[in-house]
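Biologist: Could you take a close look at the salt bridges in this model for me, and at the parts of the chain around them? I would enjoy one connected walk through the details.

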Amino acid sequence: MSSVQRLIAHPDLRGFVESVTDAEAADGDLSDLMSSERHVELVSLLKESISVAFEAAEDYKDYFNESREFCRIDSMLDVAEMRASVERGDRGLDEFREDLDLYIDQTKQLDSLVESANMGILSINTKALRALFLPFPKQCMDNIFNLLPQLASERYQNFINEVHDATAKLSSSPCSVEEFVAYIEFMESCLAKRSDFDDEFMLVTAYYELIEEYHIQVPDIDHAAFKTLPTDFNAYKGSLDFAEGSHEEREMKFSSDLEREVEGVGKEVADIRVLAGHEMILDGSAKSSEVIELTTRLVSKVEEQKAQAKRIQKYQRLFKVFETSFEDIDECSEEVTLKHTLWTGS
């Protein structure tokens with residue numbers, strides 16, 4: 001206050017007081033002047049001016065406190081925690097939209113402040129206040145403007161990798177029963193998460209819609225890649241629909257393949273039984289090493305056909321077709337094992 005000049009020393013006031021004193025000496029009592037309509041009017045205007053000034057001062061004080069509080073909160077924004085909350089699933093696009101609207105509103109409020117104005121006896125200047133507070137909401141917006149394209153790109157890349165991988169697998173043509181079984185298992189997993197894929201497609205699309213809504217800059221290559229997403233996703237859905245629709249036809253084909261494999265096992269077992277009836281095996285004078293070598297080979301062949309039979313039965317159950325019993329394998333196995341034991345003693 002000591003730096004502010006006292007009102008009584010103001011030259012304009014001194015001149016007015018001196019002129020009033022001169023007028024008083026010439027025209028009479030000061031009380032006449034104070035009771036005049038003009039004086040009353042001036043007093044009323046002065047009171048009104050003071051009232052307006054203090055009301056404005058209160059308004060600006062309230063706005064200053066409000067601005068100081070939201071800037072304090074803005075300064076606490078943690079981008080790393082914001083990203084982590086997205087990864088945990090605690091933050092979604094609605095929260096990003098709310099935050100962006102908040103920071104945009106804060107910025108508009110500060111930008112709309114009149115830089116200087118006369119409020120009665122007060123002169124208001126907001127230049128320093130704006131310079132102090134504006135960086136806070138703008139920095140928050142910049143942080144989100146940087147984060148959203150990163151999140152959108154990462155989400156898109158993870159999703160499109162799954163889409164491309166699934167499309168490639170569903171578009172393949174299995175050549176064997178094993179490949180067909182793996183194909184069916186993968187197709188069923190895709191059918192089980194069909195709604196999850198639809199949701200993820202909508203979420204990635206929503207990310208880029210939000211980015212466009214707020215005119216956030218993204219790398220050209222990311223923007224171009226996103227534009228291909230509907231085409232790629234439709235190709236995936238088409239591949240899945242085709243796989244599902246052709247499943248029965250393909251299953252019939254591979255069921256026929258299994259029947260041929262059953263015939264193959266039967267032929268192999270017949271060949272083994274022919275070898276098991278070799279006269280050398282029943283010839284006591286035969287060279288034991290040669291006989292044991294033969295019976296050992298026959299035992300191995302029987303085990304191979306047993307494994308093949310189990311494999312065929314497994315797929316027959318999977319395809320829900322008649323399950324072959326393979327009784328001749330058991331008979332062949334008993335015969336070969338017995339003859340092998342006769343020569344090895346074990």
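Modeller: Happy to! Let me start with the term we need: a salt bridge here is a side-chain nitrogen of Lys or Arg within 4 Å of a carboxyl oxygen of Asp or Glu. Please keep in mind that this is a predicted model. By that rule the count comes to 24 salt bridges.

A good one to begin with is the pair of Asp241 and Arg194, whose closest N and O atoms are 3.2 Å apart. Asp241 belongs to helix H11 (residues 229–245) and Arg194 to helix H9, so this salt bridge ties together parts that are 47 residues apart in sequence. As for exposure, Asp241 is partly exposed at 45% relative accessibility, and Arg194 is also partly exposed, with a relative accessible area of 32%. Salt bridges can also share partners: Arg273, Glu331, Glu335 and Lys339 are joined into one network in that way.

Next to Arg194 in the numbering comes Lys193, whose side chain meets that of Glu162 in a salt bridge (3.9 Å, N to O). This pair links distant parts of the chain, 31 residues apart: Lys193 sits in the loop between helix H8 (177–192) and helix H9 (194–213), while Glu162 is in helix H7. Lys193 is partly exposed at 29% relative accessibility, and Glu162 is partly exposed with a relative accessible area of 40%. Helix H7 (residues 135–170) also holds Gln157, a partly exposed residue with a relative accessible area of 39%. The C-alpha atom of Gln157 is separated by 9.7 Å from that of Val204, although their positions lie 47 residues apart along the chain.

The third pair is Arg130 and Asp111, with side chains that meet in a salt bridge at 3.9 Å, N to O. Arg130 lies in helix H6 (residues 127–133) and Asp111 in helix H5, so parts that are 19 residues apart in sequence are tied together. Here the two partners fall into separate classes of exposure: Arg130 counts as buried at 19% relative accessibility, whereas Asp111 counts as partly exposed at 38%. The cut-off matters for Arg130, because buried means under 20% relative accessible area. Helix H5, the home of Asp111, spans residues 93–112. Leaving out residues up to four places away in sequence, Asp111 touches Arg130 and Leu134. The C-alpha atoms of Asp111 and Ala131 are separated by 10.0 Å, with the two residues 20 apart along the chain.

Now for the setting of these pairs. The protein has 14 helices and 2 strands, and 31% of its 346 residues count as buried. Among contacts between residues at least 6 apart in sequence, 76% join residues at least 24 apart. The protein exposes about 21,900 Å², and carbon and sulfur atoms supply 55% of that area.

Part of the nonpolar surface can be named: Leu46, Ile50 and Phe54 form a patch with about 290 Å² of accessible area together. Leu46 is in helix H3 (residues 37–74) and is partly exposed, with a relative accessible area of 48%. As a general point, an α-helix has 3.6 residues a turn, so residues three or four places apart point the same way.

Two helices late in the chain deserve a word as well. Helix H13 (residues 288–319) has 32 residues and reaches 46 Å from its first C-alpha to its last, close to the 46 Å expected at 1.5 Å a residue. Just after H13, Lys320 takes a positive phi of about 60°. In helix H14 (residues 327–344) we find Ser333, which is buried with a relative accessible area of 8%. Beyond its neighbours within four places in sequence, Ser333 is in contact with Val302 and Lys306.

Finally, what about covalent links between cysteines? A search of the whole structure finds 0 disulfides. For Cys71, the closest cysteine sulfur is in Cys140 at 8.7 Å, which is too far for a bond. Cys71 is buried, with a relative accessible area of 3%, whereas Cys175 counts as exposed at 64% relative accessibility.

Key
Residues are numbered from 1 along each chain as its sequence is written. This is a predicted model: local features need pLDDT of at least 70, side-chain atom pairs count only at pLDDT 80 or more; totals for chains, interfaces and linings use all residues. Side-chain values use heavy atoms; hydrogens and water are left out. Helices (H or I, at least four residues) and strands (E, at least two) are DSSP runs, numbered from the N terminus. Buried means under 20% relative accessible area, exposed over 50%, partly exposed in between (1.4 Å probe, protein chains only). Contact means heavy atoms within 4.5 Å. Accessible areas come from the Shrake-Rupley method with a 1.4 Å probe; for residues, only the protein chains shown count as cover. A disulfide is a pair of cysteine sulfur atoms within 2.5 Å. Patches are made of residues with over 30% relative accessible area and no salt bridge: like charges are joined within 9 Å, nonpolar side chains (Val, Leu, Ile, Met, Phe, Trp, Tyr) within 5 Å. The expected span of a helix is 1.5 Å times one less than its number of residues.
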